[in-house]
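Subject: The structure I mentioned

Hi,

Here is the structure I said I would pass on. Have a look at it first, and my notes follow below.

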Amino acid sequence: MSRFSGWALSAALLLALGACIKKRPPAEPAPSAPSAPAAQTSGSAEAPTGKYGQVQGVELSGGIKAFALQGKTERASVSMVPVDGQPFHEALRAEVKEKSGNTWDVQVATRVAKPVTYGDVILATFYVKAEASRQESGEAQTELVMELARPPWAKSVEYPVRVGHDWSKIYVRFKAERSYAAGEAQLIFRLGYAPQTLQIGGVTVENFGKQLVLADLPTTKITYPGMAADAPWRKAAADRIEQLRKRELAIVVQDKAGRPVAGAEVVVHQTRQAFGFGSAVVAQTLLGKGNERYKELTAELFNTAVFENNLKWQPLDGDWGSGWTVDVASKGADWLSAHGIQTRGHVLVWPSWRNLPRSLKRLEKEPVKLRAAVNAHVTELATAMRGKLVHWDVLNEPFDNHDLMDLFGDDVMVEWFKAARAADPNAKLFINDYAILSGGGGDTPHRDHYEKTIKFLIDHGVPFDGIGMQGHFGAALTGPEDLLQLLDRYAKLGKQIWITEYDVELEDEALAGQFTRDFYTTLFSHPAVGGILMWGFWDGAHWRRNAPLYRKDWSLKPAGEAYRDLVLKAWRTDEVAKTDAAGTYKTRAFLGKYALKVSSGGQSKTIEVELLPAGGPVVLKLD
Ligand code: XIL
């Protein structure tokens, strides 16, 4: 190897102005979703049989008349009203009088009298229209759900619907995600939204069993605002990315005597992006034998990872059987680190009985001990992992998981953050919740509660650094302008924002691909966002078997193509160029780490530099 001496190399880093995000008035509120929503529809590449219209389905719903009000019934009133000019003659009119915390607080539902078998192909058809809505968009909303009519409410479909004042015909095709005995399932239209009046009619839910495949059935095209190729947000986002995520990199090549070297070849190779691009991973899969493709892709695609379950209290306490130890998590973090990947910790406290370890339940009647046990867990786990994690999700899903806050008051959250900070002062501490970005734009109780909780923590002097937004999307896709507006809302709280658990549950892979491209672009363009992690990247290891990037057979989905285009190509800087007469090469490069290689006259030298958002020129004196 030729040793290259006598050149000086300098990288000048220039500051750019912060980005400015355009505001627009709020859009309609969106449904919040349970933390583990079932598939909207299962993706399927099965070829159509062409038999739709020729085979008879079994009707499951009993029509709209069969649906009765359920839950917090004082919040809504329902009646049947006549309808003209439609293929049905009456509709259920639901007037929602009071806003709910959860979409399922009030709903109309009917039992499914017939049995349904796992994998059955089902088509729901119904008509909805908004009669009155307080939203500027004039839209009303509901969600069609088919689920087990008792815990764990196992779902086969959750399909959010937003409609205007004209009757909209909606087709929802899906497969039964489990078998339900006769009378075990229920069909639901959710009503737990802001005050609105809507009508629902013409309901049929046909079960075609295994006679048809999903592709045979009609489907309502899902869209989101801002999908169009010429949508104005695109140029604005590209401009912000240019300003925010890149800086000028100036390389000056000089010989030993300080004279510029013209025509030197410069190879600019980005070794690491500053922005966090990540995924949830499974420590056992990384550490186990085999799984080569999983390991290779983890190393290729991501600079950040989070364990899907390895640091959760339930598994660590033995509730999930053997194989879940801090040692496994710790070795998993070592594997990631050896591959240049930083690890987020998820999660110290998920404060509901259903997400806390069984052993804790013994202390339910001994509040002093219970409180101490939770604090001790935070201290022990954060201490055990100290130095291995860049972030800790200290508190998960407070909107829907608050048994401990109900027992001890909100102050108890403050203790968890303080204990985490004391145990691992270098990890950035996060709060994390769902349905903040997903479900469409606007204000929702879930979003209001998150903001209130974050303000509470700030007001109580809680040492924390970041706001986590999960990002599990269903069919109600939030358009870029709405996403930006939501990000602005939380950015005002002065913390960095990370998208912690992105995925999108759509039958239409092409649409999921387009949305993923637009979602990543929008988020990457917002100044408060530090990183995006998806909740698994491969269908072979994904909680909904619908990972963004790879199918089970490792073929790439459209969203995978979008991710690879953006993250591995468009948003990193890799260039080969020649210095000018002044011995200089200047380029705008993405923030992060670089290996810069210069060659001239048979000699070459590689140096590593980090392009930071701010700072003076990096000057290298060579011997
Ligand atoms: C999920 C995991 O993906 C599943 O494997 C596990 O059985 C349950 O938890 N929000 C969160 C994550 O914060 O921890 C959840 O992960 C998904 C929803």
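Let me start with a single residue: the side chain of T110 reaches 3.4 Å to the backbone oxygen of A66. Before going further, please keep in mind that this is a predicted model.

You'll find T110 in strand 6, which runs over residues 106-112. Is T110 buried or exposed? Its relative accessible area is 9%, and the cut-off for buried is under 20%, so T110 counts as buried. As for its surroundings, setting aside neighbours within four places in sequence, T110 is in contact with S61, A66, F67, A185, Q186 and L187. A66 therefore turns up twice for T110, once through its backbone oxygen and once in that list of contacts.

Now the whole chain. The protein chain has twelve helices and 28 strands. Its radius of gyration is 27 Å, close to the 25 Å that the globule rule gives for 623 residues, so the chain is as compact as a globular protein of that length. If you want a feel for the dimensions, the C-alpha trace spans about 90 × 60 × 50 Å along its principal axes.

T110 has plenty of company in being buried: 57% of the 623 residues in the protein chain are buried too. Contacts across the sequence are also worth a look. Taking the contacts in the chain with a separation of 6 or more, 80% are between residues 24 or more positions apart. On the outside, the accessible surface of the protein chain comes to about 24,600 Å², and carbon and sulfur atoms account for 53% of that.

Then there is the ligand. Which residues come nearest to it? There are 14 residues around the ligand, and E308, K312, H346, E501 and W535 come nearest. By class, this shell is made up of four nonpolar, six polar and four charged residues.

Three polar pairs are good places to zoom in:

- K312 has a polar side-chain atom 2.7 Å from an oxygen atom of the ligand.
- N396 has a side-chain N or O atom 2.9 Å from an oxygen atom of the ligand.
- W535 has a polar side-chain atom 2.9 Å from an oxygen atom of the ligand.

On its own the ligand has 410 Å² of accessible area, and the protein covers 80% of it.

Cheers

Key: Residues are numbered from 1 along each chain as its sequence is written. This is a predicted model: local features need pLDDT of at least 70, side-chain atom pairs count only at pLDDT 80 or more; totals for chains, interfaces and linings use all residues. Side-chain values use heavy atoms; hydrogens and water are left out. A residue is near a molecule or strand if one of its heavy atoms lies within 4 Å of it. A polar contact is a pair of N or O atoms within 3.5 Å; within protein, one must be able to donate a hydrogen and the other to accept it, and residues adjacent in sequence count only if both atoms are side-chain atoms. Accessible areas come from the Shrake-Rupley method with a 1.4 Å probe; for residues, only the protein chains shown count as cover. Ala, Val, Leu, Ile, Met, Phe, Trp, Tyr, Cys and Pro count as nonpolar, Asp, Glu, Lys and Arg as charged, and the others, Gly among them, as polar. Helices (H or I, at least four residues) and strands (E, at least two) are DSSP runs, numbered from the N terminus. The radius of gyration is taken over C-alpha atoms; the globule rule is 2.2 Å times the number of residues to the power 0.38. Buried means under 20% relative accessible area, exposed over 50%, partly exposed in between (1.4 Å probe, protein chains only). Contact means heavy atoms within 4.5 Å.
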